[in-house]
Amino acid sequence: MVFRIPVLLLVAMPVWAAEVAGVNIDEKTRVGNTELSLTGAGLRKRVFFQVYAIGLYVQDRKADPISQPGPKRVQIHMLRDVGADTFNEALAEGIKANHSEVQAKALEPRVAQLAATIAEIKEAKKGTTIALDWDGKSTQVVIDGKPGGQPIEGEDFYRALLKIWLGDKPVQDDLKRALLGA
């Protein structure tokens, strides 16, 4: 007996490229008018806690995600409640770990701008999605699909954010490998 699945059902099914800790990570996303592809996805752990699932989206999966031009997205799916202060401290620490003291100091006003946007939500609750989008001009924080705060200028700032996960001193080595598709 042969079963046939109508073609319409196959087209209507969502396309997930990965599943991380029960979170389906889409294969494609858009920043502005640009379609981006998932480079990799992974799990941020802290001690024995699962903190968030994360996916990295770029235009060219074979090129270096930090230096390649054009729109990009880091999408974070919270797996536990994390206070804004804790979230912001982790971001600031990740930036400081991958930059000289002078570079980190130059980034401080924009790190403070990002921290203020995150502070508006008070707590990144389990189930919250936080996207850090680079549109080619500025970084936009998107919380559960809605832009939060003002855009943050400077490609150097977005590159600094990427280095939290992809720099020489990433927040977690196996997460870096996963985001790079290794």
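**Entry 1: phenylalanine 48**

I looked up phenylalanine 48 and found it in the loop between β4 (34-46) and β5 (49-58). The model I am reading is a predicted one. Is phenylalanine 48 buried or exposed? Its relative accessible area is 69%, so I noted phenylalanine 48 as exposed, the cut-off for that word being over 50%.

I then looked for a surface patch that takes in this residue. Val47, Phe48 and Phe49 make a nonpolar surface patch of about 380 Å².

**Entry 2: the largest pocket**

Next I turned to the largest pocket, which holds about 350 Å³ of space. Which elements give two or more residues to its lining? I wrote down β4, β5, α2 (84-97) and α4 (155-166). Helix α2 gives the largest share of the lining, six residues.

I counted nothing by hand here; the lining has 17 residues. Nearest the centre of the pocket lie Arg44, Arg46, Val51, Thr86 and Ala90. By kind, the lining divides into ten nonpolar residues, one polar and six charged.

**Entry 3: salt bridges**

How many salt bridges does a search of the whole structure find? The search gives seven. As background, I noted that side chains of opposite charge can pair when their charged atoms come close. I looked up three of these pairs.

The first pair I took is lysine 45 with aspartate 174, whose side chains meet in a salt bridge at 3.4 Å, N to O. This pair links distant parts of the chain, with lysine 45 in strand β4 and aspartate 174 in helix α5 (residues 173-179), 129 residues apart. Lysine 45 has 35% relative accessibility and therefore counts as partly exposed. Aspartate 174, at 34% relative accessibility, also counts as partly exposed.

Then I took aspartate 156 and arginine 110, whose side chains meet in a salt bridge at 2.7 Å, N to O. Here too the pair links distant parts of the chain: aspartate 156 is in helix α4, arginine 110 is in helix α3 (residues 101-120), and they are 46 residues apart. Are the two partners buried or partly exposed? Aspartate 156 is partly exposed, with a relative accessible area of 44%. Arginine 110 has 19% relative accessibility, and I entered arginine 110 as buried because that word applies under 20%.

The last pair I looked up is lysine 125 with glutamate 123, and their side chains meet in a salt bridge at 2.7 Å, N to O. Lysine 125 has a relative accessible area of 44% and is partly exposed. Glutamate 123 is partly exposed as well, with a relative accessible area of 29%.

**Entry 4: positive phi values**

I looked at phi for residues other than glycine. Alanine 21 has a positive phi of about 50° although it is not a glycine. Where does alanine 21 sit? I found alanine 21 in the loop between β1 (16-20) and β2 (23-26). The relative accessible area of alanine 21 is 38%, so I put it down as partly exposed.

Lysine 122 went on the page next, with a positive phi near 65° in a residue other than glycine. Lysine 122 is in the loop between α3 and β8 (123-124). With a relative accessible area of 65%, lysine 122 is exposed.

**Entry 5: glutamine 59**

I looked up glutamine 59 and placed it in the loop between β5 and β6 (72-78). Glutamine 59 has a relative accessible area of 41% and is therefore partly exposed. How far apart are glutamine 59 and glutamine 113 in space? From C-alpha to C-alpha I read 27 Å, for two residues that are 54 residues apart in sequence.

**Entry 6: tryptophan 165**

I closed with tryptophan 165, which lies in helix α4. Is tryptophan 165 buried or exposed? At 2% relative accessibility, tryptophan 165 counts as buried, because the cut-off for buried is under 20%. I also looked up its separation from threonine 139, which is 26 residues away along the chain. The C-alpha atoms of tryptophan 165 and threonine 139 are separated by 16 Å.

Conventions. Residues are numbered from 1 along each chain as its sequence is written. This is a predicted model: local features need pLDDT of at least 70, side-chain atom pairs count only at pLDDT 80 or more; totals for chains, interfaces and linings use all residues. Side-chain values use heavy atoms; hydrogens and water are left out. Patches are made of residues with over 30% relative accessible area and no salt bridge: like charges are joined within 9 Å, nonpolar side chains (Val, Leu, Ile, Met, Phe, Trp, Tyr) within 5 Å. Accessible areas come from the Shrake-Rupley method with a 1.4 Å probe; for residues, only the protein chains shown count as cover. A salt bridge is a side-chain nitrogen of Lys or Arg within 4 Å of a carboxyl oxygen of Asp or Glu. Helices (H or I, at least four residues) and strands (E, at least two) are DSSP runs, numbered from the N terminus. Buried means under 20% relative accessible area, exposed over 50%, partly exposed in between (1.4 Å probe, protein chains only). On a 1 Å grid over the protein atoms alone, a cavity is a set of points where a 1.4 Å probe fits but cannot get out, and a pocket is an open set with protein on both sides within 12 Å along at least five of seven lines; lining residues have an atom within 4 Å of a point. Grid points are joined across faces, edges and corners, and a volume is the space filled by probe spheres set on the points. Ala, Val, Leu, Ile, Met, Phe, Trp, Tyr, Cys and Pro count as nonpolar, Asp, Glu, Lys and Arg as charged, and the others, Gly among them, as polar.
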